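Subject: A structure for you to look at

Hello,

Here is the structure I promised to pass on. Please open it beside this email and follow along.

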Amino acid sequence: MLRKLSGDPDCKNGTCPTLWATEDADSYVVQGFVITDPERLAQLRLPEGETAVLVPAKLLEVYFGARRG
């Protein structure tokens with residue numbers, strides 16, 4: 001089971017970028033926008049089996065800001 005930690009505060013439709021925790025709290029899952037720009041993908045040099053997503057800064061700022069407070 002995944003546990004929702006934070007969602008995009010500007011989301012209007014409920015299926016926006018989201019930060020999730022795994023059931024063992026050992027990892028995070030980040031839901032975001034698929035990166036299709038070839039230059040950005042080339043910079044990442046992703047190995048087989050990995051991908052990258054783009055998330056709004058607010059998503060992480062809201063979550064990690066709340067954890068500090």
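First, confidence. The chain has a mean pLDDT of 87, and 94% of its residues reach 70 or more. Keep in mind that this is a predicted model. Confidence varies along the chain: helix H1 (residues 38-44) has the highest mean pLDDT of the elements, 94, and H2 has the lowest, 79. As a rule, low pLDDT means that predicted coordinates should not be read in detail.

Next, the overall layout. The chain has two helices and five strands. Along the sequence they follow the pattern β-β-β-β-α-β-α. The C-alpha atoms fill a box of roughly 35 × 30 × 25 Å along the principal axes. Of the 69 residues, 19% count as buried. Take the contacts between residues at least 6 apart in sequence: 28% of these join residues at least 24 apart.

Now the loop between E1 and E2. Find Asn13 there, between strand E1 (3-7) and strand E2 (18-21). Is Asn13 buried or exposed? Asn13 counts as exposed, because its relative accessibility is 56% and the cut-off is over 50%. Then look across to Glu23. Asn13 and Glu23 are ten residues apart along the chain, and their C-alpha atoms are separated by 25 Å.

Asp10 deserves a stop too. Which residue forms a salt bridge with Asp10? The partner is Lys58, and the closest N and O atoms are 2.9 Å apart. Asp10 sits in the loop between E1 and E2 while Lys58 is in helix H2 (residues 57-68), so the salt bridge ties together parts that are 48 residues apart in sequence. In general, side chains of opposite charge can pair when their charged atoms come close. The count of salt bridges comes to one. Both ends are partly exposed: Asp10 has a relative accessibility of 42%, and Lys58 has 40%.

Move on to strand E2. Thr18 is in this strand. Why does Thr18 count as buried? Its relative accessible area is 5%, and buried means under 20%, so Thr18 qualifies. Thr18 touches residues away from its own stretch of sequence, among them Lys4, Ser6 and Gly7. Val29, Val30, Gln31 and Leu59 are also touched by Thr18. Closer along the chain is Cys16: its backbone oxygen lies 2.7 Å from a polar atom of the Thr18 side chain.

E2 also has a partner strand. Four bridges join E2 to strand E3 (residues 28-31), and the two run antiparallel. For one bridge, start at Trp20: its partner in E3 is Val29. The hairpin of E2 and E3 has six residues between the strands. In this hairpin, Ala25 takes a positive phi near 60°.

Last, the rings. How many aromatic pairs does the structure hold? There is one. The pair is Tyr63 and Phe64, with ring centres 4.9 Å apart. Their planes meet at 75°, so the pair is edge-to-face, for which the angle must be over 60 degrees. The two residues fall into separate classes of accessibility. Tyr63 counts as buried, at 11% relative accessibility. Phe64 is partly exposed, with a relative accessible area of 37%.

That is the tour. Try finding the salt bridge between Asp10 and Lys58 on your own screen.

Best wishes

Notes:
Residues are numbered from 1 along each chain as its sequence is written. This is a predicted model: local features need pLDDT of at least 70, side-chain atom pairs count only at pLDDT 80 or more; totals for chains, interfaces and linings use all residues. Side-chain values use heavy atoms; hydrogens and water are left out. Buried means under 20% relative accessible area, exposed over 50%, partly exposed in between (1.4 Å probe, protein chains only). A salt bridge is a side-chain nitrogen of Lys or Arg within 4 Å of a carboxyl oxygen of Asp or Glu. A polar contact is a pair of N or O atoms within 3.5 Å; within protein, one must be able to donate a hydrogen and the other to accept it, and residues adjacent in sequence count only if both atoms are side-chain atoms. Contact means heavy atoms within 4.5 Å. Rings of Phe, Tyr and Trp (its six-membered ring) pair if their centres lie within 6.5 Å; planes under 30 degrees apart count as stacked, over 60 as edge-to-face and the rest as tilted. Two strands pair if DSSP finds at least two bridges between them. pLDDT is the predictor's confidence in each residue, from 0 to 100. Lists of a residue's contacts leave out its neighbours within four places in sequence.
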